[in-house]
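Colleague: Could you take me closely through one part of this model, the salt bridges of chain B, and then say a little about the ligand site in that chain?

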Amino acid sequence: MSDERSTDVDALGLGLGPLRLEDLVDREAMRGMVGSIEQVFGMPVRIVSNSGVSLASSSREAPLCAMINEEPAGRRACGAIVSEVKRLRVTSSEGTTHGCFTGARYRVVPIEYEGGTIGRAILGPYLPPSVDTVPDTLLAIEGVDPARAAELLPHMARATEATAEIVSKHLVAVLDVILWSGHKALLTSKMHIASIRESYRELSEKNAALEQAYERQQELDKLKSNFLATISHELRTPLTSILGYSEMLVGGIAGELTGPQLDFVQIIHSKSDQLLKLIMSLLDLSKLESGTVMMRRSDVAIGAVLAEAASTVAPVATKKGVTLTVDAPGDLPLVLGDPERLRQVFVNLGENAIKFTPPGGTVQIVARQMATEADAGGDEPGMVLLAPLRQMIEVRVADTGIGIPEAERDKVFDPFYQVDQSSTREHGGTGLGLSIVKRLVEAHHGTVHIEGNEPTGAVFVVRLPASRPSAPPSKAAISVRFA
Amino acid sequence: MQLDFASREISIKLVYYGPALSGKTTNLVALHGRAGADARGRLMTLETQDDRTLFFDLLPLTFRSKDGDVSLRIKLFTVPGQPIHAATRRLVLQGADGVALIADSRVSETQRNADAFLDLRQNLRDNGIEISKMPLVIQFNKRDLPDIRSDEELARLAARGKEPVFRAVATRGIGVVETFVCLLWLTWRSLDQSHQLSRKLSIDGDDLVSTAAQQLGVTTPFRELIAARMGGRAAGAAPGGAP
Ligand SMILES: Nc1nc2c(ncn2[C@@H]2O[C@H](COP(=O)(O)OP(=O)(O)OP(=O)(O)O)[C@@H](O)[C@H]2O)c(=O)[nH]1
Ligand SMILES: [Mg+2]
């Protein structure tokens with residue numbers, strides 16, 4: 001991944017990269033351990049990482065070694081041994097030993113963690129019991145005083161190989177515990193910091209985006225509401241006067257009107273009223289389009305909404321001689337939405353259906369739960385987890401009117417569109433009702449489309465997502481008929 | 001994935017994802033219990049509070065091929081499921097070679113399972129990976145509890161999905177090895193396709209996964225083992241298209 005943002009997972013210890021001894025251990029703790037081992041077993045210890053860094057070593061130097069290091073030749077020889085030991089190839093986890101020209105020995109054991117070697121522990125120098133005189137290899141070093149060497153030799157740490165092995169095993173066991181807790185502490189602290197950083201980054205990004213969006217929204221809001229307020233005021237004020245004065249004329253306040261005069265004034269009144277409704281719908285629509293309409297969301301039982309909407313439009317249907325029915329099963333899941341807006345959707349659809357249905361026809365409103373699993377693509381990952389939540393409720397508003405040709409079905413939802421322009425004149429209405437329906441349904445994350453009805457008519461199909469996966473407490477089914 | 005030619009070692013990172021308390025840690029504990037002494041590393045549970053994972057759990061597993069020639073080193077992580085640990089989940093997920101989603105079978109958890117899945121999908125996307133490209137296994141855990149989604153429903157949905165679905169009772173170790181072995185198998189196959197592992201190391205993926213299964217105490221051939229899945233067309237065919 002070349003994403004700059006992404007933190008290096010290996011650096012976090014979350015990746016697969018090798019671990020380093022120097023990262024895992026606390027040096028102070030290491031020195032403490034080395035010191036106590038030296039105290040108990042009298043043996044010097046040194047811990048070296050794979051990269052050759054010495055992480056802890058005994059502080060006391062054997063007097064013999066100190067003497068050797070006083071002479072340049074001794075210092076050279078001693079340095080050579082130490083670097084040999086540091087670089088010694090250790091193949092088995094048992095470790096290996098290495099001799100020194102003083103007769104002393106070093107024991108080197110690998111430090112293993114998670115199946116890999118990350119460093120080594122070096123025990124020594126210690127003298128095997130067999131060495132009781134100053135060896136020739138030591139006397140061969142230039143500047144070494146044999147008498148002093150003989151005097152200091154007994155002060156060196158003594159151990160048998162068996163003892164050295166026990167001590168080294170103990171050392172490795174203690175180290176393992178330290179490494180384990182060190183590893184945990186390392187991961188914890190790194191993870192902690194990385195998480196905080198990541199959260200901070202995410203929050204800052206979101207904050208910046210929100211701030212921007214908020215500012216823009218505020219600006220738009222201001223423009224929009226100014227515009228809307230102006231328009232509605234400017235248009236409505238004169239209209240209110242027209243309505244008021246024509247009402248007064250009809251009421252005979254300005255004197256009795258003749259038959260035709262009364263007819264004309266009534267037409268003026270009803271057309272003005274229509275115009276007012278058109279203005280209100282326009283305002284509604286523009287609010288919906290700008291997304292500034294307030295939605296009060298709650299769990300809504302769609303059956304009740306349908307019954308209410310139907311009773312609102314029932315008088316129109318009855319007057320026209322159209323039968324109106326509503327059917328909703330009792331176990332429908334709830335919809336998360338604004339009940340008032342949903343009612344508006346079905347009032348508009350009901351009105352529209354009645355409008356285009358001739359006398360003697362029927363408008364049926366039917367709700368049901370949809371088996372959406374059939375719709376979900378099988379190739380989408382996680383289907384088994386997501387499908388049960390994709391429950392939809394479908395409401396079909398079917399009429400027996402003239403129907404809508406297939407090619408026209410999408411356009412019907414455009415503002416001011418009407419299949420046959422003359423029908424606006426014939427049936428009245430603004431043509432805005434359906435575009436409002438579409439926007440309201442979409443604001444509920446639903447869809448609306450049109451199908452044909454048999455043998456004639458149109459079916460408006462609204463699909464709304466159910467709010468919860470679990471079934472709500474069963475209610476009584478709704479079945480109403482207005483005729 | 002990391003490939004060390006010299007030591008003939010393949011390192012793979014697998015992540016157990018899922019909603020809070022679905023049983024991710026329990027899965028790791030069960031695997032740890034099943035793994036032979038040679039295979040299992042120490043299970044590290046990082047910072048827990050009331051048994052809830054705060055950072056992650058890590059179980060290293062090492063499987064050696066039959067002849068001992070190739071080592072397959074697995075680092076198995078869990079993420080913390082609680083919503084507040086979103087950043088940690090994204091971090092732990094980085095560099096994952098395969099993911100198991102551990103879901104809680106109870107009907108009441110349906111939403112949270114789906115949320116966890118969507119969270120996984122988004123976090124992968126943020127890391128530049130499409131979930132359809134990620135080896136994925138789904139486990140429905142806690143089959144022992146009442147009010148769970150029915151076998152019939154899971155089977156029906158799983159049959160339509162691509163990824164293998166396993167049922168499990170992690171607390172009793174049921175279904176745990178199946179889930180893991182299947183994920184290992186899918187991951188191996190995907191890595192083999194992108195990195196030609198079997199050709200480069202001249203090993204057989206089936207053998208490797210088989211020995212891994214054996215080291216988890218499984219005696220049945222691994223293909224029979226992962227046949228316990230529901231659905232999972234993805235795990236059906238062998239590489240090269242053999243049935
Ligand atoms: N009955 C039942 N309980 C389970 C099962 N698997 C896990 N649990 C219990 O569920 C609880 C949560 O399990 P964990 O494994 O800690 O869950 P987790 O997914 O790691 O949770 P986080 O770390 O918070 O994300 C524990 O009390 C488990 O004992 C199961 O198969 N059946
Ligand atoms: Mg956990």
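Modeller: What follows treats the salt bridges first and the ligand site after them. Please keep in mind that this is a predicted model.

A search of the whole structure finds 33 salt bridges over all chains, and I will dwell on three pairs in chain B. In one of them B:Arg8 is paired with B:Asp69, and the closest N and O atoms are 2.8 Å apart. This pair links distant parts of the chain, since B:Arg8 sits in the loop between β1 (2-4) and β2 (9-17) and B:Asp69 in the loop between β6 (57-64) and β7 (71-78), 61 residues apart. B:Asp69 counts as partly exposed, its relative accessibility being 33%.

Another salt bridge joins B:Arg73 to B:Glu9, with 3.8 Å between the closest N and O atoms. Because B:Arg73 lies in strand β7 and B:Glu9 in strand β2 of chain B, the pair ties together parts that are 64 residues apart in sequence. B:Arg73 is buried, with a relative accessible area of 18%, whereas B:Glu9 is partly exposed at 21%; the cut-off for buried is under 20%.

In the remaining pair of this account, B:Asp104 forms a salt bridge with B:Lys142, and the closest N and O atoms are 3.2 Å apart. Here too distant parts of the chain are linked, B:Asp104 being in strand β8 (residues 98-104) and B:Lys142 in the loop between β9 (136-141) and α4 (151-160), 38 residues apart. B:Asp104 is buried, with a relative accessible area of 1%, and B:Lys142 is buried as well, with 17%.

Beyond these pairs, there is a network of salt bridges that links A:Glu198, A:Arg201, A:Glu202, A:Glu205 and A:Lys206 with B:Arg90 and B:Asp126.

As for the ligand site, 19 residues surround ligand 1, and the closest are B:Lys24, B:Thr25, B:Thr26, B:Thr53 and B:Gly81. The shell divides into six nonpolar, eight polar and five charged residues. An oxygen atom of ligand 1 is 2.9 Å from a polar backbone atom of B:Leu21, an oxygen atom of the ligand is 3.0 Å from an N or O atom in the side chain of B:Asn141, and an oxygen atom of the ligand is 3.0 Å from a polar backbone atom of B:Ala170. Of the 660 Å² of accessible area that ligand 1 has on its own, the protein covers 81%. The elements that give two or more residues to this shell are α1 (24-34) and β5 (52-53) of chain B, and the largest share, three residues, comes from α1(B).

Note on methods:
Residues numbered from 1 in each chain as written. Chains lettered and ligands numbered in written order. Predicted model: local features only at pLDDT ≥ 70, side-chain atom pairs only at ≥ 80, totals over all residues. Heavy atoms only, no water. Near = heavy atom within 4 Å. Polar contact = N/O pair within 3.5 Å; in protein donor to acceptor, adjacent residues only side chain to side chain. Areas by Shrake-Rupley, 256 points an atom, 1.4 Å probe, with all protein chains shown as cover. Helix = DSSP H or I, 4+ residues; strand = E, 2+ residues; numbered from the N terminus. Nonpolar A, V, L, I, M, F, W, Y, C, P; charged D, E, K, R; others polar. Salt bridge = Lys/Arg side-chain N within 4 Å of Asp/Glu carboxyl O. Buried < 20%, exposed > 50% of the residue type's maximum accessible area, 1.4 Å probe, protein only.
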